[in-house]
Every structure is written in structure tokens, then in C-alpha cells.
Amino acid sequence: MSRLFKIVTVLVILAGVGYGGYFGYKAYLASKKTPDLAVPIGETLGRVALPVPDVKFTDVTAAAGIHFTHFSGATGSKLLPETMGSGVVVIDFNNDHRPDLLFVNSCPWPGQPQPDKPPCLALYRNNGDGTFTDVTVAAGLNVTLYGVGACVGDFDNDGFEDLFVTCVGGHRLFKNIDGKRFEDITAKAGVAGPGIWPKDESSEAFLKHAPPIPFGTSATFVDYDGDGKLDLFVCHYCTWSPAIDLGIKSTLTGIGRTYQQPTSLEGNQCSLYRNKGDGTFEDVSEVAGVRVTEVDGTDENARKRSVGKSLGVILFDADGDGWPDLLVANDTVRNFLFHNVPDGKGGRKFEEKGLQSGVAYALAAARGGMGIDVGEYKPGQQAVMIANFANEPTTFLVLINKARLLFADQAGATGLEGPSKGPLKFGSFFFDYDLDGRLDILTANGHIDPDITKLQEKQTYQQAAQLFWNTGSVFEPVTIASSGADLFKPLVGRGSVYLDFDGDGDLDVVLTENNGPAKLLRNDQKTGHHWLRLNLQGDGVNSNRSAIGAEVTVEAGGRTYVRTITGARGYLSQSELTVTVGLGKIDTIDKVTVRWPGKKADSQSWTQLKCDTLYRLKQGDAKEAVETFGTK
């Protein structure tokens, strides 16, 4: 590589850092000359819209017995965590093969009055008849904390899914006790993270609190070293405390104080905790290579600065070598790709390769990265989707070369660039909502500033979700006419998940709202398309019980579908671990192959499976490994 080429490369990277994401955020908000790039639901730019299937989503929140409302704790001081909202996870906590829901909640800031009923986590048990029952108190989860995100996984391989919650002020790990209740084992496990929640301070003292407070966001369970035990990867946002936040001027004429822009705050670090197998974890962030720093200056005493401002993480095997890699979406700084490699000592570690792989920037600029997901959007073609800030399109990173770990942003070529540009996007995921075999896209949207309309008249605080149908070549925006008004009712969208809560084989949707009520939207598709649902269970020795990291290949009717069992998905959330494969008109399944996670990376195949059926596939003898839980 010539010296000139190196210089040009550095200049391009610096340009991306200088102009990405929220650069000039205050000026962007203050200037009414900023182009308004909001695009109405269903509108395409520069081409004729294509017809999409008629699949209605119906709001059944009240009828299903879900009454969760998020509490942000906002009091007018405009502290940055108040903008984050919270996540939702799908968890089958009692092993009845029906997906339950766990909503994360926040709480009042120290010194503020407590509501009559303090906000807490909320666990809803699926009754199997289209309704849910609030079992929070019985399950021991009526815990008040400033929660942000969550993830689910059976970390102790006892057959019951455990729960990890990220927080402002120290994280929590809850062990599932026999599917009946949860026990807080954070202190013993050693995963709270640095710092504390200053709970006994007055309001005045809290606002002057200067030492950094942990600011967790998304997290995922992952068996990075292949020992059959789930480890834990935790994203952190910026280095934050009330005094740091309020000590940086953030005001606009006619509005007063605005929420702090992340570009004004120091970065932070992701954490990786290795599961020791005895109920405790070891912080291996440094030795495992997930701490990312840059040097300010060139002399030997130059300060090392934390780079990350991480909001989303997705697990997938980018190079197909059987080891899980991690891609992290960062806000206003470059994204990370943690490539899983040998550590030279018989173990594993990560090498950060975001710049080399092409995932660090989109068009040489850092964006406001929030939610993230990965999926096979075309046969044999994987892509990573990152939900970005308002007036930034969704980033769509197509894996163009596995061997060299090369990605290219193809948002324009796939039809996403124009329609996705206007909204402020948070929750995001791939899912096949019409069961035609192609993965579609949903994003939950909503602004961070309640006063945004005063500055940009066509931007709003509450925003409609967006749904994109995969035509096989481009993603077509879905309209109210095709999917109904319920899905597109404006809200301050944040976390989102998919699940089949009613057992009919298609995927329903949950959306959460910052400081507002959650919504359950039932998928009422009547396409007649066939499907296959697979729930995997590792043996707990060679592979983790949750089978996180497994790769599923379904061969049917001359087509091949590949799906990965990930942990966290989207923004602060985790969808169901059960895999749904839409088959369209195909009604015969030839073979299902599972490559189990772990050092051995054993593969196992099943034949003679029926469509329109949910199976549990257990690692072991294929003759005894299939159990049928129901048919359509």
C-alpha cells in the first residue's frame, strides 16, 4: 500500500467522523432551511410503486390484557437517558411452548416523587387463548430500576430462560427458578458493571452528581468461546452523569434547553463477560478485544479515548467459520465488527474490523445508529440493517465477500434509501410477515425532542412505523390500504419484537413507546401460504440450551432458506428464538439441517417434517429429537 493511498484513506475516515450522524445537531434543529426529507407512508422516490400483499395488522393490546405503559422519569431537566425509551423481550419463562412478554421500565430520578404504584418490570404470561396475564409480582420481577434494554438466554443450561436487564446505574441478572419465579443474582454473578445508582441523593444533589453512572443499552447472550455456556455482551452508550449532561450547554432560541447531543459527550466501552459455569462471570473485555480506543495526539503521553456509543448489537457468523461474530451499531461514531478469531492460547477473542470490512461508515460518514438486525434477504445473500437518525436513510450492509469479510451499503439499490430517510428510526428487524419465504423489514420510529415540530414543521415527535415488503429485488413501502391503520398509528417508537403469540404460524408485532403504552398487533394474513416453525434446544454440554448461534437450513421445493438463532435483535430488545420460515405455496419439506453452536459445530438433519407445524429440535439422536406441538 502506497503512502499516498494511506493518507487518502485517513482523510476519508476523518471526513466520515467529522460529518457523520448528529454533526451540527443544534444547527440542524435550529435551521429552518434544513431540507425536510420526511416521506409519507408508502411513498417511493423515483419509481412506480409495486403492489404489495393485503396483510392486515390489528391492535389487540387491550383485548389481549396487556396494559404496560413506559415511564421515562422526565421532569424538565432534559437528561439524555429520558430519550432512550425501553426494550421488550420474548421469553418462554415457564416452558409451556407459548411466548411470553417482558417489558423493561424506567423510574423516577433520585429525589423525585414516587408514583402511587412505582414503575417496574412487567412480565405477561401467554394464556394460549390470545390473552396474557400479568404475573410480574408472582414471578418476583416487580423491581423498580432505571431499565433500558434486556436479553434472554439459558446461561446455566438448566432448561429455563434467564433474563438480563441493562440499566442506567448498574445492570441486573435474574435467574429463572424452575419456570416459576426469578431471583436477582447480579451481585454473585458479577455483571452489574462499574458505578452505582445514587438512590439516596436529593434531587438537587443528583443533578450535581459528577462521577459517571453506567449507561447500558442493548445486550446479547453469546457463546463466543464455544464451550457450551452462554457468555454476555453488553453495549454502553456514552460516558454520562447528570452533572456532565447539564454542564454542557444545549439550548435553542425559543425553546430553551434541548436534549444533549451525543457528539458532545465522551464515548464508552462495550463489555464482555465470560461464563465460568459456576453461576459467576468474568469480565474479559480487555483480553477478548472488545475495548476500542483511539489516541488523541501522537506523543507517547497522548490520551486514549473510548470510541463507542453503542445502541444495538447483532450476533451472526459473518465469515461462515462456525464462530459467532458481533456487529455493533454506534451513534454518531463508526460501527464495530468484532470478528471471532483464535487467541493463540487455545481460546477465542475478537478483532475489531469495522473499517476494513466496510461497516464502519455509510458513504464515508458516521450516522446515528440505533437498532440493528441481520437476515438472508435474498437466497444465499446476507445483509445487516441499521436504523438511523432522522433525515438519514437506513443503512443496508450487504455481505458481498464472506472470505474477505467485505460489506457494501446497498440501501439505494434495494429501494430503502429514499422511503426510509425521513423518520427517526429505533426498533428494527427482518421478518417474513406474509410467509412468502422472503424476509421483510419493520422499523419503529419516533423523535427524541417533543419540540421538533417547532423547528421542522413536517417532522413530528410521534411517528408512524414503517413496513417494507421484500419483492425479491427491492423493498416496497407498505401502505395503510394494504396493512391497515393500526400498525401505522404514530407513536414515539422505540423497542420492537416479533412473535407468534396466538399460535397460528404467522408473526405478530409488539411496539413500545417512550413514556407511553406498548402495542400488540396481531397479524391477520390470509394468504394461504405455508410455514414451518422450529424451536431449537442444545444439549447443554456441547451447545448452549438456548441454541443461540445455531444456523438452520431448510430445503423445500427446490429452495433453500438459511436462518440464524440470534440473541438480541433490533433496539434494546429480543424477538422470539423460535425460527419461522415462510414457504409460500410450497407444501413439502425435504430436509432441515441444524449446525449447532460450539467448538464441535456438529450438524444434524431431519427429514419428513410437515409444513404448518411447530417442532422442537433437540440436539442428539434425530430419531427421538422431534416433538410436534401443534398444527395450523
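Reader: Which residues lie nearest the centre of the second largest cavity?
Author: First, a heads-up: this is a predicted model, where local features need pLDDT of at least 70, side-chain atom pairs count only at pLDDT 80 or more, and totals for chains, interfaces and linings use all residues. Numbering starts from 1 along each chain as its sequence is written, and side-chain values use heavy atoms, with hydrogens and water left out. A cavity is a set of points on a 1 Å grid over the protein atoms alone where a 1.4 Å probe fits but cannot get out, and lining residues have an atom within 4 Å of a point. Here 17 residues do the lining, and nearest the centre lie Gly-322, Trp-323, Pro-324, Gly-549 and Pro-597.

Reader: How many charged residues are in that second lining?
Author: Asp, Glu, Lys and Arg count as charged, Ala, Val, Leu, Ile, Met, Phe, Trp, Tyr, Cys and Pro as nonpolar, and the others, Gly among them, as polar. Sorted that way, the lining of the second largest cavity has eight nonpolar and five polar residues, and the charged ones number four.

Reader: What volume does the largest cavity have?
Author: Grid points are joined across faces, edges and corners, and a volume is the space filled by probe spheres set on the points. By this rule there are six cavities of 30 Å³ or more. The second largest holds about 140 Å³, while the largest has a volume of about 310 Å³.

Reader: And which residues are closest to the centre of the largest cavity?
Author: Its lining splits into ten nonpolar, nine polar and five charged residues. Strands (DSSP runs of E, at least two residues, numbered from the N terminus) pitch in too: β22 (372–378), β26 (425–431), β35 (559–564) and β36 (579–584) each supply at least two lining residues. Of the 24 lining residues, the closest to the centre are Tyr-498, Arg-563, Thr-564, Arg-569 and Val-579.

Reader: Which members of the largest nonpolar core touch the most other members?
Author: A nonpolar core is a set of buried (under 20% relative accessible area, 1.4 Å probe, protein chains only) Ala, Val, Leu, Ile, Met, Phe, Trp, Tyr and Cys residues joined through side-chain atoms within 4.5 Å. Among the 58 residues of the largest one, the answer is Phe-233 and Leu-536.

Reader: Which strand gives that core its largest share?
Author: Phe-233 touches residues including Ala-219, Cys-270 and Phe-338 (contact means heavy atoms within 4.5 Å), not counting residues up to four places away in sequence. The core's largest share, four residues, comes from residues 231–236, strand β11.

Notes
Buried < 20%, exposed > 50% of the residue type's maximum accessible area, 1.4 Å probe, protein only. 1 Å grid on protein atoms, 1.4 Å probe; cavity = no way out; pocket = protein on both sides within 12 Å on 5 of 7 lines; lining within 4 Å.
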